[in-house]
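Me: Could you take a close look at one part of this model for me, the place where two helices cross, and walk me through the charged pairs around there? Keep it informal, please.

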Amino acid sequence: MTVTAVRQLMGLPISLDLRDGTEDDAERVFAWLHEVDLRFSPFRMDSEVTRYDEGRIGDDEISDDLRHVLELCRTYESQSGGAFKAKLPGRGLDPNAVVKGWAVQRAAGMLRAAGVTRFCINAGGDVVTAGEPADGEPWRVGIRHPGDSHEVCAVVAVRDGAVATSAAYERGNHIIDGRTGMPAFGLLSMTVFAFDLATADATATAAFAMGVDGVEWAVEQPGCLVHAVDSNYRVFRSPQLPVLTQGTRAPH
């Protein structure tokens, strides 16, 4: 049974395409992501993240999930030389760059545990897939042209993998280089293809924060393939990236 659904959660549209799932499977995914929003949003005064950041709960009182998310943040901060930071000077704790990918990947695990083998979860353009939508056909994921919302740079084939993009074209200069405290510059978009969305999302954000140096860094991350566009519209692409088609106005 094919089930498709879209909800606005965690501040973005999240769509499900379950080729062999049920409406109950979809509802469990949405319920989990709603729970994540309540617990991890830095914009909710009663969230676990806010209470921890304000010292209302201590290290020994936080959940194992938050402890895991904070450890992921520390790992990417260390590996990126401080470009990636969940806690910037003068700002509150904001682990969202890790939470979305981690939470959606957990949702994918829930679907697999329920026996769903063919699905795609799209969280605001960041995608995790399982199996194939039809026999012999991969999921097709478009990488948006950073200068034209109606065009794609490329379409990649994905089976049991994830694709995440960090860029400034949707939300402006919201990604901060933790080394300088200033908006990141040098890249227009950074797309990472990986086995899981937690890795793809965090790697894309950290690499974008690093600027052009982030391209080589992302390529060196285990299991990661990249498609990056710099501020001069030059494209850097891993040779192994499974590109199905190039966009008609793809950068060069």
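**Where α1 meets α3**

Reply: Helices α1 and α3 pack with their axes 12 Å apart, at an angle of about 75°. Angles from 65 to 115 degrees count as roughly perpendicular, so that is the label for α1 and α3. Bear in mind that this is a predicted model.

Now for the side chains that touch. On the α1 side the contact has W32, R39 and F40, and on the α3 side they meet D65, L66 and V69. Sorted by type, the residues of this contact come out as four nonpolar, no polar and two charged.

The charged residues there deserve a closer look. D65 and R39 join their side chains in a salt bridge, with an N to O distance of 3.3 Å. D65 sits in helix α3 (residues 64-79) and R39 in helix α1, so this pair ties together parts that are 26 residues apart in sequence. As for solvent, D65 and R39 are both buried. The pair isn't on its own, either: a network of salt bridges links R39 and D65 with E35, E48 and R106.

Each of the two helices also has a salt bridge within itself. In α1, take R28 and D25: their closest N and O atoms are 2.4 Å apart. Both belong to helix α1 (residues 23-40) and are spaced three residues apart, about one turn of the helix. Their surroundings differ in accessibility class: R28 has 44% relative accessibility and so counts as partly exposed, while D25, with a relative accessible area of 7%, is buried because the cut-off for that class is under 20%.

Over in α3, the salt bridge to look at is D64 with R67, at 3.2 Å from N to O. Here too the partners share one helix, with D64 and R67 three residues apart in α3, or about one turn. D64 reaches 62% relative accessibility, so it counts as exposed. R67 has a relative accessible area of 34%, which means it is partly exposed.

To put these pairs in context, the structure holds 18 salt bridges. For the crossing itself, the one to keep in view is D65 with R39, since it runs from α3 to α1 and both of its residues are buried.

Notes: Residues numbered from 1 in each chain as written. Predicted model: local features only at pLDDT ≥ 70, side-chain atom pairs only at ≥ 80, totals over all residues. Heavy atoms only, no water. Salt bridge = Lys/Arg side-chain N within 4 Å of Asp/Glu carboxyl O. Helix = DSSP H or I, 4+ residues; strand = E, 2+ residues; numbered from the N terminus. Buried < 20%, exposed > 50% of the residue type's maximum accessible area, 1.4 Å probe, protein only. Axes fitted to C-alpha atoms, helices over the stretch in contact; angles between N-to-C directions. Parallel < 35°, antiparallel > 145°, perpendicular 65-115°, else oblique. Contact = heavy atoms within 4.5 Å. Nonpolar A, V, L, I, M, F, W, Y, C, P; charged D, E, K, R; others polar.
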